[in-house]
Amino acid sequence: MEARGGGAGAGRSDAVRNRARLLEAARRLVGERGVEQVTMQAVAEEAGVGKGTLFRRFGDRDGLLLALIDEAEAGFRTAYTSGPPPLGPGAPPVERLAAFGCALIDRVAATSDLGAALGRRLLPRHRSGSATGLAFRAHVADLLREAGVEGDHEMLAQALLAFTDFETMDYLGGSCGIPADRLRAAWADLVRRVTRP
């Protein structure tokens, strides 16, 4: 059965427009009110759609935040996959791994980083299972493999990245008052120890 308005193609283009409108409304509200104040109801009202449309498109608030994170992380993803060294290709894998963790630590500490602000609002399991979380683990595992590290690269990547997660960084940097330069030095030390022949 053909959808009203010109068939399946029209339905798909409506869905794409609705998704873009919803994400734009969410971005605007996050910028105006902060992530913690943005509700599904507010986003639906801002976009001029029913709340049901928002829930059908994203499932729940975490689904909406994950979509926003994917957009917010695009620049960082480009930097570590194709940007200049040492974060991007061209540097030895150990240097790239050190640079990657240091960049994550800096981003977690930055109050203006949208990806970090959004990530803090997600349940850890949603954050870890997101496209961004999976890409981070795959990237670290690949660098460990390239560095010639023996062992379970995926589990080693998970263990290393646990040091840079929001809960750990907020505790060490916030509650314990450890400065970012000491956290970066600790990351570099972890990388050296894990990659040492």
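Trainee: What share of the 197 residues in the chain is buried?
Mentor: Buried residues make up 41% of them. Keep in mind that this is a predicted model.

Trainee: Okay, and how many helices and strands does the chain have?
Mentor: There are 12 helices and 0 strands. Read along the sequence, the pattern is α-α-α-α-α-α-α-α-α-α-α-α.

Trainee: What does the C-alpha trace span along its principal axes?
Mentor: The span is about 65 × 40 × 30 Å. For a feel of distances inside that trace, take Val-16 and Val-191: their C-alpha atoms are separated by 42 Å, and the two residues are 175 apart along the chain.

Trainee: Where is the place of Val-16?
Mentor: Val-16 belongs to helix 1, which covers residues 8-33.

Trainee: Is Val-16 buried or exposed?
Mentor: Exposed. Its relative accessible area is 58%, and the cut-off for exposed is over 50%.

Trainee: Let's move on to helix 2. Which residues are buried there?
Mentor: In helix 2, residues 40-47, the buried ones are Met-40, Ala-42, Val-43, Ala-44 and Ala-47. Just after that helix comes Gly-48, with a positive phi of about 75 degrees.

Trainee: Switching to pockets. What volume does the largest pocket have?
Mentor: About 470 Å³. It is lined by 26 residues, and those closest to its centre are Arg-127, Gly-133, Phe-136, Asp-165 and Phe-166.

Trainee: Which elements give two or more residues to that lining, the lining of the largest pocket?
Mentor: Here is the set: helix 4 (61-72), helix 6 (93-109), helix 7 (114-120), helix 8 (124-129), helix 9 (131-146), helix 10 (153-162) and helix 11 (166-175). Helix 9 gives the largest share, 4 residues.

Trainee: How many residues of each class are in the lining of the largest pocket?
Mentor: The lining has 11 nonpolar, 8 polar and 7 charged residues.

Trainee: And what about the second largest pocket, what volume does it have?
Mentor: That one has a volume of about 280 Å³. Its lining has 21 residues, with Val-108, Ala-109, Ala-110, Thr-111 and Arg-120 nearest the centre.

Trainee: Which helices each supply at least two residues of the lining of the second largest pocket?
Mentor: Helix 6, helix 7, helix 11 and helix 12, the last of these being residues 180-195. The largest share, 4 residues, comes from helix 11. By class, the lining of this second largest pocket divides into 12 nonpolar, 4 polar and 5 charged residues.

Trainee: Now the aromatics. How many aromatic pairs does the structure hold?
Mentor: The structure holds 6 of them. One is Phe-76 with Phe-100: their ring centres are 5.7 Å apart and the planes are at 20 degrees, so the pair is stacked. Planes under 30 degrees apart count as stacked.

Trainee: Where do Phe-76 and Phe-100 sit in the chain?
Mentor: Phe-76 is in helix 5, residues 74-82, and Phe-100 is in helix 6, so the pair links distant parts of the chain, 24 residues apart. Phe-76 and Phe-100 are both buried.

Trainee: What about Tyr-80 and Phe-100, how is that aromatic pair arranged?
Mentor: Edge-to-face, with 5.1 Å centre to centre and 80 degrees between the planes. Tyr-80 lies in helix 5 and Phe-100 in helix 6, so this pair ties together parts that are 20 residues apart in sequence. Tyr-80 is buried, as is Phe-100.

Trainee: Which residues do ring pairs link into a cluster?
Mentor: Phe-76, Tyr-80, Phe-100 and Phe-136. Phe-136 is also among the residues closest to the centre of the largest pocket. And Phe-76 has another partner: the charged end of Arg-107 sits over its ring, 4.5 Å from the ring centre.

Trainee: Last topic, cysteines. How many disulfides does the structure hold?
Mentor: It holds 0.

Trainee: Why is there no bond from the sulfur of Cys-102 to the closest cysteine sulfur?
Mentor: Because that closest sulfur, in Cys-176, is 19 Å away, too far for a bond. A disulfide needs the two sulfur atoms within 2.5 Å.

Trainee: Is Cys-102 buried or exposed?
Mentor: Cys-102 is buried, with a relative accessible area of 18%. Cys-176 counts as partly exposed, at 38% relative accessibility.

Terms used: Residues are numbered from 1 along each chain as its sequence is written. This is a predicted model: local features need pLDDT of at least 70, side-chain atom pairs count only at pLDDT 80 or more; totals for chains, interfaces and linings use all residues. Side-chain values use heavy atoms; hydrogens and water are left out. On a 1 Å grid over the protein atoms alone, a cavity is a set of points where a 1.4 Å probe fits but cannot get out, and a pocket is an open set with protein on both sides within 12 Å along at least five of seven lines; lining residues have an atom within 4 Å of a point. Grid points are joined across faces, edges and corners, and a volume is the space filled by probe spheres set on the points. Ala, Val, Leu, Ile, Met, Phe, Trp, Tyr, Cys and Pro count as nonpolar, Asp, Glu, Lys and Arg as charged, and the others, Gly among them, as polar. Rings of Phe, Tyr and Trp (its six-membered ring) pair if their centres lie within 6.5 Å; planes under 30 degrees apart count as stacked, over 60 as edge-to-face and the rest as tilted. Buried means under 20% relative accessible area, exposed over 50%, partly exposed in between (1.4 Å probe, protein chains only). A charge sits over a ring if NZ of Lys or CZ of Arg is within 6 Å of the ring centre and within 35 degrees of the ring normal.
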